[in-house]
Amino acid sequence: MTMAIPSFTVETRTRASMLTAIAVIALLLLAFAAPFIVSRGVIQDLFFILTMLVLAQNWNLLAGYAGLISVGQQAFVGFGAYTMFGAVILFGVDPVVAILIAGLFSVALAIPTAFFTFRLYGPYFAIGTWVVAEVVRLLLAQWKALGGGTGTSLPREATREMIGVNMMRDFFGMKASEAGDALTYWLALILVVATVGFIYGLLRSKQGLGLAAVRDNEQAARAVGVDARRMKTLVYLATAFITGTCGALIYVQKARISPDAAFSVTDWTAYVIFIVVIGGIGTIEGPILGVIIFSCCRTCWPISAPGIC
Amino acid sequence: MALLETRGLTAAYGDFQALFGVDITVGAGETIAIIGANGAGKTTLMRSISGVLANAPASILYRDEPIGALLAPDILSRGIAMVPEGRKLFPSLSVEENLQIGKYGRKVDGPWTLDSIFALFPILKERRNNPATALSGGQQQMVAIGRGLMSNPEVLLCDEISLGLAPVVVRDIYAAFPSIRETGASIVIVEQDIAQALKVADRVYCMMEGRVTLTGRSSDLSRDDIHKAYFGTEHHELA
Amino acid sequence: MNWLDTILQGVLLGGLYALFAAGLSLVFGIMRLVNLAHGDMIVLAAFLILVLVTTLGLNPFIAALIAMPLMFAIGWALQYFLLNRTLGKDILPPLLVTFGLSIVIQNGLLESFSADSRRVFAGSLESASVNLGPVTAGIMPLMTFFSAVTVIVCLNQLIYRTSVGRAFRATSDDPVTAGLMGIRPQRIFAMATGLAMVVVTIAALYLGTRANFDPTSGPS
């Protein structure tokens, strides 16, 4: 009896994937050119969408890939934002540099946080992360130099004299406020590309395979030698960095902060979970699709009630 | 007249069909044993009768009433109690509380009370206030049987009560069965331990791959017949 | 004796938080349901008491007594018809649904009562206080504290001494096997949430008389 041995060929660069890659690059170029094409209002909307996408990708990495369902990611948004405000107001650091500092400080916050919350499992972890976010909010609301419970604003000159703003004024003849919006928009776009690139790379690596194994069956993954705890910690710290950076960036653009807004569970976690779940949890495309649906919903049914949005 | 009967019972987990037309009858006061290897469908049969799987509307009859679509609490209130596979005691409850909760859904006066169960399994009285999971496997099985009896059922379904227990412990547990039979209850025992099952049962059903392959009075069945029905050599020759 | 006073006020305030937590913990303990709308439920109950006080001119304590069975019914129905469908191995569906519920309640209250801060007035009780040697304590904080202790003792008795309490614990351990005992987990869950809403009403009474509240004060 003869057996037909099927011959497999694995192609990673097919015509379709080439076309997709070209389309993505074209779309990115278009996105980079957007500040010259569309109005300032549209740029602000796009900025919002991009930052929500970054948060969604991060939450998706946490929940969809590492199985860490957190409802406390607003801790890092708020902490990153406050770090940026502190660096700018108290030490006169340039906001753009302060964004990176905010990311690093968020990791510094994530280390002790992980120490506590990783002892918890499932729903306990979810509640634990929320508690951490509330504690950080309450502590920062005590910080009088940054406005205490009522909050504070970025000094006008700080945002006007950000790295790049002057250059953009000279090169493109933009007004300072226009240049500021364009700059934060570009930074958000870079952050989106970096985040998606990072997650894509991580999932295709050996670590990504380990991560998928841990999510599907933690005990079995441990049995074959995947260090589940290390993988989860790595993901948790990485998302803390990106979430903190994103939080700082959002508040460079908003230029006004208050503890309740910066640590809002609805804005920075509930909406983000909505985006991920609607789009499809555990996929990279999911949050992208989700954020499109989310922004369509917001445009169609604007929320007018105070305190909710 | 049959007290409990299944007629062409089928059951499936999604695409996987576990039972293919099973016919079983249990008379009043009768003890029957269902034997078979792992995966024969014994536990699925028990889960269907007890209402854990409620998807066979017309094919299970109790006192000539179809009960296949009823949920577990309704089945219990009609007088069919189950001792589930793996004992499934409640870890947050003490031994006594585990027994008490057995009559939550059916409070019927009868031979079985906390005292008579303590008389049947004296060790449980000593350990009544311990958490149920602090007991040895055999003692836990006694609690599970006692819990099933607390509702004074007319049919007691026992799923794999010897599973994972030492032979000497199994013997102790089966020593209680004559007292249970004396009260007039029907008993359905699912067992992999064939010798034990034949000793207590009036009649035996042997199952394989979701079908009944052999049935008869315990005393009439030859070792050879059971061997064939259990391991399926005969079955494959026919097929 | 300033520090002693601070400690006393802290302990008494702790009573209010214990009341907030008791309902949440009852629901979480029995069905592992993280109810993110719990705070909004408290505010909802506070508005219910407020309506009873302002429209019928009732004493807040009587109003709370009337609100209790209403809130029990709301909790029961909410659990039986909505939240039971979200329970399962995955903890995400209940989180999402209760997040949504929180937003629905907040906006519902905003539509009906506007964003103004409200308060339930408890008359002369509010300013009354008793001398406890070196320190004085307000009557309302004291009542809050003792209500919290009473609620927790009662819940404890219910869970550890009664047949329903046994069913609560058994269902929490293993709903499928509990079904074999004649327990209907769906109804047990509904009853637990109903009970939690009664505790929520008590918490709302003290929250509403202690401080201002508005439709969005739930989450904090």
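This text describes a strand of chain B and then the contact between chains A and C.

The model is predicted: local features need pLDDT of at least 70, side-chain atom pairs count only at pLDDT 80 or more, and totals for chains, interfaces and linings use all residues. Residues are numbered from 1 along each chain as its sequence is written, while chains are lettered from A and ligands numbered from 1 in the order in which they are written.

Helices (H or I, at least four residues) and strands (E, at least two) are DSSP runs, numbered from the N terminus. Strand β3 of chain B covers residues 31–36, and six of its six residues are buried, so the strand is largely enclosed by the rest of the structure. A residue is buried if 20 or more other C-beta atoms, placed from the backbone, lie within 10 Å of its own. B:Thr31, B:Ala33 and B:Ile35 point one way from β3(B), whereas B:Ile32, B:Ile34 and B:Gly36 point the other way.

Strands pair if DSSP finds at least two bridges between them. Five bridges link β3(B) in parallel to β8(B), residues 186–191, where B:Glu191 is the bridge partner of B:Ile35. Five bridges also join β3(B) to β9(B), residues 203–208, again in parallel; there B:Ile34 has B:Tyr205 as its bridge partner.

Turning to the contact between chains A and C, 15 residues come from chain A and 14 residues from chain C. Two residues are in contact if their C-beta atoms, placed from the backbone, lie within 7 Å. On the side of chain A that touches chain C, α5 (123–140) and α13 (265–279) of chain A each supply at least two residues. The largest share of that side, five residues, belongs to α13(A).

Key: A residue is buried if 20 or more other C-beta atoms lie within 10 Å of its own, exposed if 12 or fewer, and partly exposed in between; C-beta atoms are placed from the backbone.
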